[in-house]
Every structure is written in C-alpha cells, then in structure tokens.
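Biologist: Can you put the model up and take me through it? I'd like the chains, then how they meet, then some residues.

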Amino acid sequence: MKLASFLSLVLITGFLFVAINKLHPVGAPLGNPDVLKDRSSAATDIINVNTMDDYYLRNSQTETGSNNVVSSIVFDYRGFDTLGEATVLFLVVTSISMLLSLLYKREDVDDYEFRKPNEFPGDVSRIISYGSYLLYPLIITFGVYLVIHGHLSPGGGFQGGAVMASGTALLLVSALITRHVHRTRRIFSFFESLGLTIFISMGFAGIGTTFLYNFLANGSSTLFGRAIPFGPNPGFLNSGGVLPVLSFAIGVEVFFGLSIILVTLFHVARHRKDME
Amino acid sequence: MTDFFLYVTVVLLVFFGLSAVLFKRNLIKIVIALNILEAGVNLFFIVLAYRPEGTAPIFTLAPELEKLRMVLPTPQALILTNIVIGFATTALMLVFAVFIYRNNGTLDIRNLKGVEDHD
C-alpha cells in the first residue's frame with residue numbers, strides 16, 4: 001500500500017515535470033501583448049484580437065462599462081459560473097450549519113453575555129478587547145469599500161465579503177461575541193439567502209436577451225448606465241450596469257455565509273470548553 | 001532559465017501537498033496539505049497569466065494606452081472563485097474532522113472505525 005502511494009506520487013510529479021516543457025515560457029502567453037496599443041476604431045474590436053483574454057482586455061470596458069476587467073469577467077462574461085459558485089458556498093454554509101447544530105443545544109449557548117471592554121474576562125487581555133473595538137468599524141468600512149468599488153478598483157463581492165467576515169472572526173476571538181449574534185443567526189441566514197436571491201433575480205431581469213445579460217450598462221437611463229469609452233479614466237461609480245448590483249449581492253452572501261460558519265464553529269468550540 | 005523555476009515551484013507545491021495527503025496520518029494535516037496543493041494550483045494559473053511589465057487588468061488611473069500592458073484577466077477571475085471555494089471546502093472538511101474526532105476519539109486515519117490496516 002505504501003509502495004503504491006510512493007509510486008503514484010513519483011509518477012504524478014514526474015509527469016508534471018515533463019509537462020513543464022510543453023508549456024509556454026513564463027511571460028509569453030498566447031495573444032498579442034500590445035493588444036491595447038494596436039487597435040481598430042471599431043466599438044467592438046475583433047480584428048486585432050486572437051485570444052479570449054485579449055478580447056476581454058480590449059472590449060470589456062465598452063461592453064460592460066466596468067474598469068476592472070476581472071470583475072467584468074466574474075460577474076458578466078462568466079456570471080453563470082459565479083452563480084454556481086455562490087450556490088456551492090450556500091450549500092456549504094447550509095451543511096455546516098446543519099451538521100454542527102447537532103453538537104450543542106440552543107439553551108446551552110444562549111446565556112453568553114455581552115462583554116464591554118472594561119469588563120474583560122480573565123482569558124482575554126485588555127489590549128485585544130479595546131483593539132478589536134477600534135478595528136471592527138475599520139474592517140467593515142474597508143469591506144464595504146471593496147464591495148462598492150468592485151467594478152473600479154481591485155476588489156469585488158467575494159473579497160469585500162471575506163474582509164467583512166474577518167471582522168466577525170475578530171469579534172469572536174476577542175470574546176466580544178454577544179448573545180445577540182447567536183440569536184440573530186436566523187437573520188444572518190435570511191440575508192445570505194437574500195444575496196443569492198438578488199443575484200438570480202438580476203439574472204432573470206436580463207432574460208430578454210440572455211440569462212445574466214448586462215441590460216443596465218452603457219447608456220441606459222438607470223443609475224449605473226454611464227457609457228465608458230475605452231481607455232484609462234479616473235473611475236466613475238455610476239458605471240458598470242448590473243455589475244455593482246451583482247457585486248453587492250455576492251458581498252452580502254459571502255459576508256453572512258462566512259459569518260454563519262464562524263459563529264457556528266465558535267459555539268461548538270465554546271460549548272466543548274464549557275463541558276470540560 | 002529563471003522563468004523555469006516558477007513552474008518548478010508549482011510542481012514542488014503540488015508534490016508537497018500530495019505527499020502529505022498520501023503519507024500523513026492526521027486528518028488536520030491532510031486538510032492543511034490540500035490547502036498547500038491548492039496554493040500550487042493558484043500559483044500555476046497566475047504564472048500562466050503573467051506578462052512582462054504587465055499591470056493588473058484595471059483601467060482606473062492606468063498609464064496611457066501606448067505604454068499599457070496588462071496581464072491576462074481570465075486566470076485571475078478563476079483564482080478569485082477558487083479562493084472562496086477553497087475556504088468553504090476547508091471549513092467543511094474541518095467540520096467533518098470534528099465529527100470524526102467525536103465518533104472515534106482520534107484523528108489518526110489508521111484508527112478509525114471500520115478501517116482495516118492495509119500496511
């Protein structure tokens with residue numbers, strides 16, 4: 001058995017080493033590196049574009065109105081992929097919450113009290129309690145900034161939601177968890193479902209053309225309809241069509257989903273500690 | 001030649017992750033090893049997408065178009081999704097580890113109930 005493991009390990013690693021020779025050298029992927037310089041004047045440029053990535057780089061700004069090409073791929077060109085991923089996250093949160101709720105009784109964890117920083121318990125130092133009070137609003141603000149500016153700067157729903165969920169983790173490790181956080185797990189799951197529902201609704205809203213069609217972008221009279229010409233610009237919040245809406249939906253879903261995971265895991269750990 | 005070592009790093013990360021998955025006995029270590037393997041895959045995608053002097057594919061306050069080069073955006077979008085899915089699956093695996101520990105009293109995969117010793 002051990003021999004089989006060793007042989008398969010050596011074989012797989014050897015095949016990977018051999019496969020390196022067939023890859024393109026680092027820094028020379030397929031496509032034209034100067035695709036942004038060599039361009040035709042057409043609105044949708046398919047003349048100087050040989051690969052999918054070059055098409056995205058050249059045309060995503062005029063097609064989706066988003067400055068961030070990665071965001072336009074995640075939420076527009078490959079929006080269906082993102083829907084599947086959001087569903088996977090939803091499924092994982094559901095199963096974790098269901099499994100772990102078998103491990104503790106609701107009434108055992110309901111008596112956790114809210115702790116103010118000056119009533120710090122013995123196992124948490126004053127620096128951690130005060131520091132988390134100072135840091136938590138900043139973390140949430142940064143996460144909201146990442147979500148809102150998802151179509152303009154690095155960021156988006158996933159990163160912003162994860163950053164905000166790290167604020168929840170901070171509250172948990174600094175023992176500032178409130179009884180309310182546990183009581184509001186139902187509210188957490190409501191908002192998580194709401195995020196996914198907004199995403200799917202926006203997908204169906206564009207079904208006149210295709211599912212998840214970016215019907216708000218480029219010159220429509222709605223809030224996010226500003227038409228963006230190709231090229232660098234300072235960034236306009238009212239561009240991007242459905243991208244900011246989808247980014248917001250995913251941000252809500254990721255934040256509340258990861259928060260549910262963290263809170264549930266915390267309650268199991270806390271429950272076990274109390275049992276000992 | 002130095003470019004070659006980026007791919008070698010990818011293979012080494014996959015190698016370390018895979019060897020730990022195959023030879024470690026502790027379930028927590030196996031979860032960590034899967035995360036290392038995932039890091040190797042992520043690095044592979046980023047290396048594939050690299051272009052010399054390429055900026056991030058974002059047009060906000062970018063240099064003028066004549067000088068502008070961007071790395072490929074699609075692998076970055078895939079990595080973006082992979083990181084969140086990696087987090088979710090890691091959390092799920094750890095929850096299963098919790099249950100396995102409660103049912104067996106150990107995290108050693110040789111001593112789980114119903115597992116025969118094949119060594």
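Biologist: What pattern does chain A follow along the sequence?

Modeller: This is a predicted model. In it, chain A reads α-α-α-α-α-α-α-α-α-α along the sequence. That is 10 helices and zero strands.

Biologist: How much of chain A is buried?

Modeller: Of its 276 residues, 48% count as buried. The surface that chain A exposes is about 13,400 Å², and carbon and sulfur atoms supply 68% of that.

Biologist: And what share of the contacts in chain A is between residues 24 or more positions apart?

Modeller: 66%, taking the contacts in chain A with a separation of 6 or more.

Biologist: OK, chain B. Which elements does chain B have, from the N terminus on?

Modeller: The order is α-α-α, so to speak a short list: three helices and zero strands.

Biologist: Same numbers for chain B, please. What percentage of the residues count as buried?

Modeller: 42% of the 119 residues of chain B count as buried. The accessible surface of chain B is about 6,300 Å², with 66% of it belonging to carbon and sulfur atoms. As for contacts in chain B with a separation of 6 or more, residues 24 or more positions apart account for 48%.

Biologist: Now the interface. How many residues of each chain are in contact?

Modeller: 56 residues of chain B contact 65 residues of chain A. Between them the two chains bury about 5,400 Å², and 76% of that is on carbon and sulfur atoms. Three residues, Arg51(B), Phe59(B) and Leu65(B), supply 13% of the area that chain B buries against chain A, more than any other three residues.

Biologist: How many salt bridges across the interface?

Modeller: The rule finds two between chain B and chain A. One of them joins Arg69(B) to Asp34(A), where the closest N and O atoms are 3.2 Å apart.

Biologist: And how many residue pairs in polar contact?

Modeller: 11 across the interface of chain B and chain A, with both residues at pLDDT 80 or more.

Biologist: Which helices of chain B supply the side that touches chain A?

Modeller: Helix H1 (2-23), helix H2 (27-48) and helix H3 (73-104) of chain B each supply at least two residues of that side. The largest share, 20 residues, comes from H3(B). By class, the side of chain B that touches chain A has 42 nonpolar, six polar and eight charged residues.

Biologist: Back to Arg51(B). Where is Arg51(B) found?

Modeller: In the loop between H2 and H3 of chain B.

Biologist: Is Arg51(B) buried or exposed?

Modeller: Arg51(B) counts as buried because its relative accessibility is 2%, and the cut-off for buried is under 20%.

Biologist: What does the side chain of Arg51(B) make a polar contact with?

Modeller: With the side chain of Asp54(A), at 3.2 Å. Leaving aside neighbours within four places in sequence, the contacts of Arg51(B) include Gly27(A), Pro29(A), Leu30(A), Gly31(A), Asn32(A) and Pro33(A) in chain A, along with Met70(B), Val71(B) and Leu72(B) in chain B.

Biologist: Different spot: Val69(A). Which helix does Val69(A) lie in?

Modeller: Helix H3 of chain A, residues 69-77. Val69(A) is buried, with a relative accessible area of 0%.

Biologist: What is Val69(A) in contact with, leaving aside neighbours within four places in sequence?

Modeller: Tyr56(A), Leu57(A) and Ser60(A) from chain A, and Pro57(B), Phe59(B) and Pro73(B) from chain B. Asn59(A) is 10 residues away from Val69(A) in sequence, and their C-alpha atoms are 9.3 Å apart.

Biologist: Last thing, backbone angles. Which residue of chain A other than glycine has a positive phi near 65°?

Modeller: Leu212(A). Most residues other than glycine have a negative phi. Leu212(A) is placed in the loop between helix H9 (185-205) and helix H10 (243-275) of chain A. With 6% relative accessibility, Leu212(A) counts as buried.

Biologist: And which residue of chain B has a positive phi of about 55°?

Modeller: Leu61(B), which is not a glycine. Leu61(B) is in the loop between H2 and H3 of chain B.

Biologist: Leu61(B): buried or exposed?

Modeller: Exposed, because Leu61(B) has 68% relative accessibility and the cut-off for exposed is over 50%.

Definitions and conventions. Residues are numbered from 1 along each chain as its sequence is written. Chains are lettered from A and ligands numbered from 1 in the order in which they are written. This is a predicted model: local features need pLDDT of at least 70, side-chain atom pairs count only at pLDDT 80 or more; totals for chains, interfaces and linings use all residues. Side-chain values use heavy atoms; hydrogens and water are left out. Contact means heavy atoms within 4.5 Å. Buried area is the accessible area (1.4 Å probe) that two parts lose on being put together, summed over both. A salt bridge is a side-chain nitrogen of Lys or Arg within 4 Å of a carboxyl oxygen of Asp or Glu. A polar contact is a pair of N or O atoms within 3.5 Å; within protein, one must be able to donate a hydrogen and the other to accept it, and residues adjacent in sequence count only if both atoms are side-chain atoms. Helices (H or I, at least four residues) and strands (E, at least two) are DSSP runs, numbered from the N terminus. Ala, Val, Leu, Ile, Met, Phe, Trp, Tyr, Cys and Pro count as nonpolar, Asp, Glu, Lys and Arg as charged, and the others, Gly among them, as polar. Buried means under 20% relative accessible area, exposed over 50%, partly exposed in between (1.4 Å probe, protein chains only). Accessible areas come from the Shrake-Rupley method with a 1.4 Å probe; for residues, only the protein chains shown count as cover.
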